[in-house]
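Thanks for coming, everyone. Please have a look at the screen, and then I'll talk you through it.

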Amino acid sequence: MKFIVNRNEYICRRIFCIGRNYVEHIEELGNDRPASPVIFSKPPTSLVPAGKTVRFPRCGETPHFEIELVVLIGKDGIPASTEEAVSFVGALAVGYDLTLRETQNRLLSKALPWDICKGFDDSAPIGNFSAFSGTADDLAALQFSGSINGTLRQQGNTAKMIFPIPELIMEISKYWELKSGDLIYTGTPPGVGSLSAGDTLSATDHIGNTFSWQLEKQL
């Protein structure tokens, strides 16, 4: 999938996601607080642009919604410090990490990978990106929110992250050299819940832009 930000074209080939990055979300699901970022991935086929229909999972399981701030990596390389990591943030957006919770719980109980519960088709609806050229302080208190059928369900603020964005970038770059176009879903605040076929998902980003998607009706 391609993203255009200030006339610059980015092609997404990798999506890194962070689990358990907000204390209240950890508590609502009864999980343990991690000592380091929990990293998993989604394929580019999970992305759904704003205004498009999100296909209902073919397995028939009802997905859960998780609103998140999303970082677009703007250049290739490996940052040497958290200060330098900020320069890798090319743009910001808001998106949903859709999750098959029943399957996730089953996989967790057996210590199995999360691929099928997190990386299924259309599991990552995403809004438009806004360019970023600020400092770490500018990333420290960004607000975003998610609504279902017009009802506010989640409100997030990066100030409440366990691992701030620069730290996430540093942790990911320990294992993967960053590439322009990489995305990082940075974790979800509390308030997650289940969706129904035909629901409308809306998301408001850190600068007040709102985007929406329709979940198709189950066949």
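I'll start with the whole chain, then go to two helices, and finish with some single residues.

A word on the source before that. This is a predicted model, so local features need pLDDT of at least 70 and side-chain atom pairs count only at pLDDT 80 or more, while totals for chains, interfaces and linings use all residues. Residues are numbered from 1 along each chain as its sequence is written, and side-chain values use heavy atoms, with hydrogens and water left out.

Now the overall picture. The chain has six helices and 17 strands. Helices here are DSSP runs of H or I with at least four residues, strands are runs of E with at least two, and both are numbered from the N terminus.

How does the radius of gyration agree with a compact globule? For 219 residues, such a globule would come out near 17 Å; the chain has 16 Å, which agrees. That radius is taken over C-alpha atoms, and the globule rule is 2.2 Å times the number of residues to the power 0.38. Along the principal axes, the C-alpha trace spans about 45 × 40 × 30 Å.

Next, burial. Of the 219 residues, 52% count as buried. Buried means under 20% relative accessible area, exposed means over 50%, and partly exposed is in between, with a 1.4 Å probe and protein chains only. The accessible surface of the chain is about 10,000 Å², and 47% of that belongs to carbon and sulfur atoms. Those areas come from the Shrake-Rupley method with a 1.4 Å probe; for residues, only the protein chains shown count as cover.

Contacts next. A contact means heavy atoms within 4.5 Å. Take the contacts with a separation of 6 or more: 74% of them are between residues 24 or more positions apart.

On to helix H3, residues 101-109. Which of its residues are buried? They are Arg-101, Thr-103, Gln-104 and Leu-107. These cover an arc of only 155° around the axis, which puts them on the same side of H3. The arc is that of the directions from the helix axis to the C-beta atoms. As background, an α-helix has 3.6 residues a turn, so residues three or four places apart point the same way.

What covers that buried side? The cover includes helix H1 (23-29), strand E7 (64-65) and helix H4 (115-118). The face turned away carries the exposed residues Glu-102 and Ser-109.

Then the chain leaves H3. Lys-110 sits in the loop between H3 and H4. Lys-110 is exposed, with a relative accessible area of 53%. Its C-alpha is 21 Å from that of Glu-27, and the two are 83 residues apart in sequence. Ala-111, just after H3, takes a positive phi of about 55°.

That brings up backbone angles. Most residues other than glycine have a negative phi. Two more exceptions here. Arg-7 has a phi near 70°, and lies in the loop between strand E1 (2-5) and strand E2 (8-11). Asp-122 has a positive phi of about 65°, and is found in the loop between H4 and strand E10 (124-126). Buried or exposed? Arg-7 counts as exposed, at 84% relative accessibility. Asp-122 is buried, at 6%.

Second helix: H6, residues 165-173. Eight of its nine residues are buried, so H6 is largely enclosed by the rest of the structure. Glu-171 is one of the buried residues in H6, with a relative accessibility of 12%. What does Glu-171 contact? Leaving aside neighbours within four places in sequence, Glu-171 is in contact with Ser-36, Pro-37 and Ile-39.

Last, two serines. Ser-41 lies in strand E4, residues 38-42. At 44% relative accessibility, Ser-41 counts as partly exposed. Ser-130 is in strand E11, residues 130-131. At 15%, Ser-130 counts as buried. The C-alpha atoms of the two serines are separated by 23 Å, with their positions 89 residues apart along the chain.

Ser-130 has contacts too. Not counting residues up to four places away in sequence, Ser-130 touches Val-5, Ala-91, Leu-92, Asp-205, His-206, Ile-207 and Asn-209. The C-alpha atom of Ser-130 is 21 Å from that of Glu-66, 64 residues away along the chain.

That's the tour. Over to you for questions.
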